[in-house]
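Work through the exercises below with the sequence and the model side by side, and try each task before reading its solution.

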Amino acid sequence: MTEKELQDVIRATVAETIRNLRKNGMLKRSDDVAYSEIGGRLYDYYKDPEAFPEMAAAVHKIRNDPYFAIIPQYYGNRVSIEALAGMYGCEISTISRNKKRLALKIYLSTLE
């Protein structure tokens, strides 16, 4: 089996698992599992970036996003969402929404 075929099988398995979790009311949104997974991986990455080269490449891809600094500040420096909102001069919901958006972009990028 080629690497691409293996990735296709994994994606199909994950999609089916998510469908089943949603069907049984165990998952509010399909991206919740991915978001939880990438959150843990980002904390680990910022503890030891050299140990996770695939994460470095994924994080590098989003570096030009206007809200990029949220990711290293939150996961690396452990700055709270409230403090980030103050730094950006915006609502907490704006920080939360953009943190999740960027984290999911990183997650998808690590699957490529």
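What follows is a set of three exercises, each with a worked solution.

The model is predicted, so local features need pLDDT of at least 70 and side-chain atom pairs count only at pLDDT 80 or more, while totals for chains, interfaces and linings use all residues. Residues are numbered from 1 along each chain as its sequence is written, and side-chain values use heavy atoms, with hydrogens and water left out.

**Exercise 1. The chain as a whole**

Find out how many helices and strands the chain has, and what percentage of its residues count as buried.

Solution. Begin with the elements, which are DSSP runs numbered from the N terminus (helices are H or I with at least four residues, strands are E with at least two). The chain has six helices and zero strands, and its C-alpha trace spans about 45 × 35 × 20 Å along the principal axes. Next, take burial, where buried means under 20% relative accessible area, exposed over 50% and partly exposed in between, with a 1.4 Å probe and protein chains only. By this rule, 31% of the 112 residues of the chain are buried.

**Exercise 2. The nonpolar core**

Identify the residues that touch the most other members of the largest nonpolar core, and the helix that gives the most to this core.

Solution. A nonpolar core is a set of buried Ala, Val, Leu, Ile, Met, Phe, Trp, Tyr and Cys residues joined through side-chain atoms within 4.5 Å. The largest one holds 24 residues, of which Ile38, Leu42, Ile71, Tyr75 and Ile106 touch the most other members. Two or more residues come from each of helix 2 (32-47), helix 3 (53-61), helix 4 (70-76), helix 5 (81-88) and helix 6 (92-111), and helix 6 gives the most, with six residues. Now look at Ile106: leaving aside neighbours within four places in sequence, Ile106 is in contact (heavy atoms within 4.5 Å) with Ile38, Leu42, Met55, Ala58, Val59, Ile62 and Ile71.

**Exercise 3. The two sides of helix 3**

Decide which residues of helix 3 are buried, and why they line one face of the helix.

Solution. The buried residues of helix 3 are Met55, Ala58 and Val59. Seen down the helix axis, they fall within an arc of 100 degrees (taken from the directions from the helix axis to the C-beta atoms), so they line one face of the helix. These buried residues pack against helix 2 and helix 6, whereas the face turned away from the buried side carries the exposed residues Pro53 and Lys61.
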